[in-house]
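Biologist: I have not looked at this one before. Can you walk me through it?
Modeller: Sure, have it open while we talk.

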Amino acid sequence: MIREQQTTIGFHVWGAEKLSEETVKVLRLDNDGITYAMAVTEEGFLLHVYYGKRCGDDDLTYLLHLDEGTYTPQHHNRERLNFMDSRPFEYPCHGIGDFREPCFMVMDEEGMSACDLRYRGHRIVSGKPVLKQKGVRCIPATTASEGEAETLIVTMEDAHEGLVVELSYSIFRDSNVITRSAKVINKGYREVHVNRVLSACVEFPSSDYDMITLNGAWARERAVCRAALHGGKQSVDSIRGVSSAQHNPFAALCSKDADEDRGEVWAFHFVYSGNFLAETEVAQDGKARFVMGINPYDFSWLLKPEEEFTTPEVVMVYSEEGFGGMSRTFHDLYRGHLIRGYWKDRERPVLINNWEATYFRFDQDKLYAIAEQASKLGIEMLVVDDGWFGHRDFDNSSLGDWYVYEEKLKGGLKPLVDRVNALGMKFGLWFEPEMVSDDSELFRTHPEWAIQIIGRNMTQQRAQYVLDYSNPEVREYVYGMIRKILDSANVEYIKWDMNRNLTEVGSTALPGKRQRELWHRYVLGVYEVMDRLTTDYPKLLLENCSSGGGRFDPAMLYFSPQIWTSDDTDGIARLQIQYGTSYCYPASAMGAHVSDCPNHVLGRTVPFDTRGNVALAGTFGYELDVTRIPEEDRAKIPGQIEKFHRFNGLVRDGDRYRIGNPFGTEQYDAWMHVSKDKNEAVLTFVQIMAQPNRPKRNIKLKGLCPDKKYQCEELGMTLSGRTLMTCGIDIGLHGDYASATYYFKAEE
Ligand code: GLA
């Protein structure tokens with residue numbers, strides 16, 4: 001529910017005898033779980049009042065402390081700067097006295113850069129309007145129908161430049177979620193450069209919180225990091241052109257006592273795939289300001305009169321059930337309101353990918369042999385990874401030449417795909433559509449299509465460059481090639497990879513004044529092609545990937561229901577990676593495969609069963625040469641696939657409860673997937689290192705109905721949910737990396 005309230009505040013002005021008054025308009029968003037409130041002063045300053053657990057319908061303006069220390073400027077202009085530098089703002093500007101982290105910075109034709117946004121009005125709409133910007137095909141964002149959400153749009157204006165900023169706040173009816181974005185419209189008569197335009201700011205009344213971020217590297221993505229707030233700025237960001245493996249576009253503040261099941265968490269997730277910033281600043285008064293949006297680093301956007309710019313959205317989740325509650329809110333939101341299309345709620349085919357099986361060394365007979373063996377074991381789709389196009393025998397050529405490498409696949413794709421289909425299997429293909437190899441026909445013909453600064457060396461990675469997706473000609477050409485391949489055979493899945501970061505960020509197609517727009521225009525260009533692809537081929541299953549999980553962000557989920565989580569497929573390393581990923585992404589989105597041992601990244605050997613049990617907590621598939629693995633491993637595949645079919649509904653649609661913590665010292669991990677009606681659940685337990693003289697571990701279940709009785713075949717016991725959750729069960733497994741699953745079914 002969104003409402004407006006009026007209130008009059010009385011206060012003493014220093015030096016004056018009479019009590020002064022100010023009428024403040026309060027705008028409030030409430031649902032059963034949360035309240036978000038802001039206030040408009042008589043002069044039009046938009047102040048933040050409250051965000052958190054649902055509170056009473058009282059007048060909350062006392063939280064602003066307008067009567068303390070620094071007065072409202074219209075009554076006491078001589079202290080205006082103090083007001084600007086201490087009050088909590090909804091969308092802070094710079095240059096007029098607020099010296100904390102701003103959301104918005106512009107520079108006009110004269111090189112002047114102050115800004116003063118004031119409230120001009122607001123409107124409330126039912127549902128959640130689609131994010132739009134003239135000339136942009138799509139901006140990924142969560143969706144909600146009229147009954148599911150309500151949106152407040154507050155119009156702010158900087159009268160000096162004639163700039164209008166519309167701040168959008170959508171509150172979901174049934175979950176603790178508010179989404180935010182901002183739209184800038186140049187209503188003036190001069191050009192302005194928008195140098196900073198973040199999506200959200202939330203002011204916190206103290207700094208008594210910890211900040212949680214998800215950090216890592218290639219093959220070690222999304223490790224959970226927790227640090228106390230301290231004076232000054234704490235941030236994570238990306239300046240790589242992708243959301244990055246190094247820092248996910250996620251941050252949360254939490255109460256000091258927050259843990260997996262208890263405590264307050266305010267989480268922020270940016271629906272964006274490029275450079276981002278998530279920053280908390282603890283200011284001189286000990287209060288914390290959190291901001292999130294497109295990274296202002298090297299960013300500038302020219303807005304001519306009547307032009308507009310829309311920011312991506314920030315998803316804000318509030319939980320009073322610790323990180324577990326936060327995650328389940330994200331999972332429900334993304335499964336219900338972000339992931340789209342044919343595969344959204346469907347079980348995905350169990351795939352076998354040939355990357356770790358063959359790398360670049362394959363031909364159609366080898367692929368067919370893998371498929372034939374795989375089909376006998378119950379695997380449902382063959383995915384041909386890198387190396388099927390151009391003349392690609394290694395990673396140093398042919399990106400951009402998206403036609404079949406006939407020396408490997410004689411007669412083209414169709415004969416192979418037809419044979420695979422005849423085995424009853426689907427067929428999928430790898431592309432890296434944003435790239436061009438130095439050694440490629442495409443680069444020889446169109447060197448100007450690569451991102452570059454003319455006259456400077458072009459930094460290579462994997463002997464490749466990034467294509468200039470801000471250029472519509474490039475997008476059209478590459479997409480045309482992809483279409484040709486898709487139309488040449490029955491390709492039902494694409495793995496869309498992206499294997500390098502952006503350097504020498506310049507475009508041969510943009511004018512000088514717009515060069516700094518390239519970072520963002522590139523991302524919008526990628527979105528456009530992904531949107532065309534999924535619109536033109538509605539049943540295509542798209543899986544995103546970026547050197548593993550280097551672009552695992554919510555915007556990618558708008559196009560692809562699943563994302564390759566990490567190139568590290570080691571069953572034990574995956575515990576941490578999947579644990580961190582599950583902070584905000586549902587299991588249905590986490591690409592997870594059983595691979596060969598010793599593991600290609602770590603050299604570690606983990607039992608085949610455990611590799612399977614860990615991969616079952618994601619999308620599930622195989623990434624090995626099924627014709628060459630040991631017979632005893634191969635023999636286990638049908639059983640694993642049977643488990644997949646049994647449990648995948650629970651994993652895909654159920655609630656996930658993290659029980660163990662692979663970052664902790666306890667040497668085990670455990671998690672549960674519980675059906676929404678709480679009639680079924682599966683518990684997975686993985687022992688990391690076996691410990692002497694510790695025969696059994698007591699595992700307390702979560703998420704069950706206390707009053708239901710659950711049968712568990714593996715334990716040979718029937719116990720109430722209450723007992724399972726309070727007394728737990730004892731699990732004793734033998735050996736390092738041993739694991740087991742336990743299925744619980746409620747009695748009728
Ligand atoms: C990236 C991906 C891998 C694989 C290779 C192919 O590293 O993450 O899964 O597709 O590229 O070159």
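Biologist: What covers the buried residues of H5?
Modeller: The cover includes helix H4 (364-377), E22, strand E23 (426-431) and helix H7 (472-488). Keep in mind that this is a predicted model.

Biologist: And which residues of H5 are buried?
Modeller: Leu413, Leu416, Val417 and Val420. Looking down the axis of H5, these buried residues fall within an arc of 95°, so they line one face of the helix.

Biologist: Why would residues spaced like that point the same way?
Modeller: An α-helix has 3.6 residues a turn, so residues three or four places apart point the same way.

Biologist: What follows H5?
Modeller: Gly424, which has a positive phi near 90°.

Biologist: Going back along the chain, where is Asp385?
Modeller: Asp385 lies in the loop between strand E22 (381-384) and helix H5 (413-422).

Biologist: Is Asp385 buried or exposed?
Modeller: Asp385 has a relative accessible area of 3%. The cut-off for buried is under 20%, so Asp385 counts as buried.

Biologist: What does Asp385 touch?
Modeller: Leaving out residues up to four places away in sequence, Asp385 touches Asn353, Asn354, Trp355, Trp430 and Lys495. With Trp430 there is also a polar contact between the two side chains, at 3.4 Å.

Biologist: Switching to sheets. How is the one with E32 in it ordered?
Modeller: That open sheet has 6 strands, in the order E32-E33-E34-E39-E36-E37, with antiparallel pairing. Strand E32 (655-658) and strand E37 (717-720) are the edge strands, and each pairs on one side only. On average, neighbouring strands in this sheet are turned by 25° against each other, direction ignored.

Biologist: Which helix packs on the sheet?
Modeller: Helix H13 (residues 637-653) does, and it touches E32, strand E33 (668-674), strand E34 (680-687) and strand E39 (739-746). The direction of H13 makes about 70° with that of E39.

Biologist: Back to E32, what about its two faces, covered or open?
Modeller: Both faces of E32 are covered. Asp655 and Tyr657 are buried on one side, and Arg656 and Arg658 are buried on the other.

Biologist: That fits a strand pattern, I take it.
Modeller: In a regular strand the side chains alternate between the two faces of the sheet.

Biologist: How many bridges between E32 and E33?
Modeller: E32 and E33 pair over 4 bridges in the antiparallel sense. Asp655 stands opposite Val674 of E33.

Biologist: And at the E37 end, how many bridges?
Modeller: Strand E36 (residues 709-712) and E37 are antiparallel and pair over 4 bridges. Cys712 has Met717 in E37 as its bridge partner.

Biologist: What about the sheet with E1?
Modeller: That is an open sheet of 4 strands in the order E1-E2-E3-E4, again with antiparallel pairing. Its edge strands are strand E1 (2-12) and strand E4 (46-53), each pairing on one side only. The twist from one strand to the next averages 25°.

Biologist: How many bridges join E1 to E2?
Modeller: 11 bridges join E1 to strand E2 (residues 19-30), and the two run antiparallel. Phe11 stands opposite Ser20 in E2.

Biologist: One more helix: how many residues of H11 are buried?
Modeller: In helix H11 (residues 608-615), 7 of the 8 residues are buried. Among them are Phe608, Arg611 and Val614.

Biologist: Last thing, which domains is the chain divided into?
Modeller: Domain 1 (2-337) and domain 2 (668-746). Taken over C-alpha atoms, the centres of domain 1 and domain 2 are separated by 41 Å.

Note on methods. Residues are numbered from 1 along each chain as its sequence is written. This is a predicted model: local features need pLDDT of at least 70, side-chain atom pairs count only at pLDDT 80 or more; totals for chains, interfaces and linings use all residues. Side-chain values use heavy atoms; hydrogens and water are left out. Buried means under 20% relative accessible area, exposed over 50%, partly exposed in between (1.4 Å probe, protein chains only). A polar contact is a pair of N or O atoms within 3.5 Å; within protein, one must be able to donate a hydrogen and the other to accept it, and residues adjacent in sequence count only if both atoms are side-chain atoms. Contact means heavy atoms within 4.5 Å. The arc is that of the directions from the helix axis to the C-beta atoms. Two strands pair if DSSP finds at least two bridges between them. Axes are lines fitted to C-alpha atoms, for helices over the stretch in contact, and angles run from 0 to 180 degrees between N-to-C directions. Domain bounds come from an automatic or database domain assignment.
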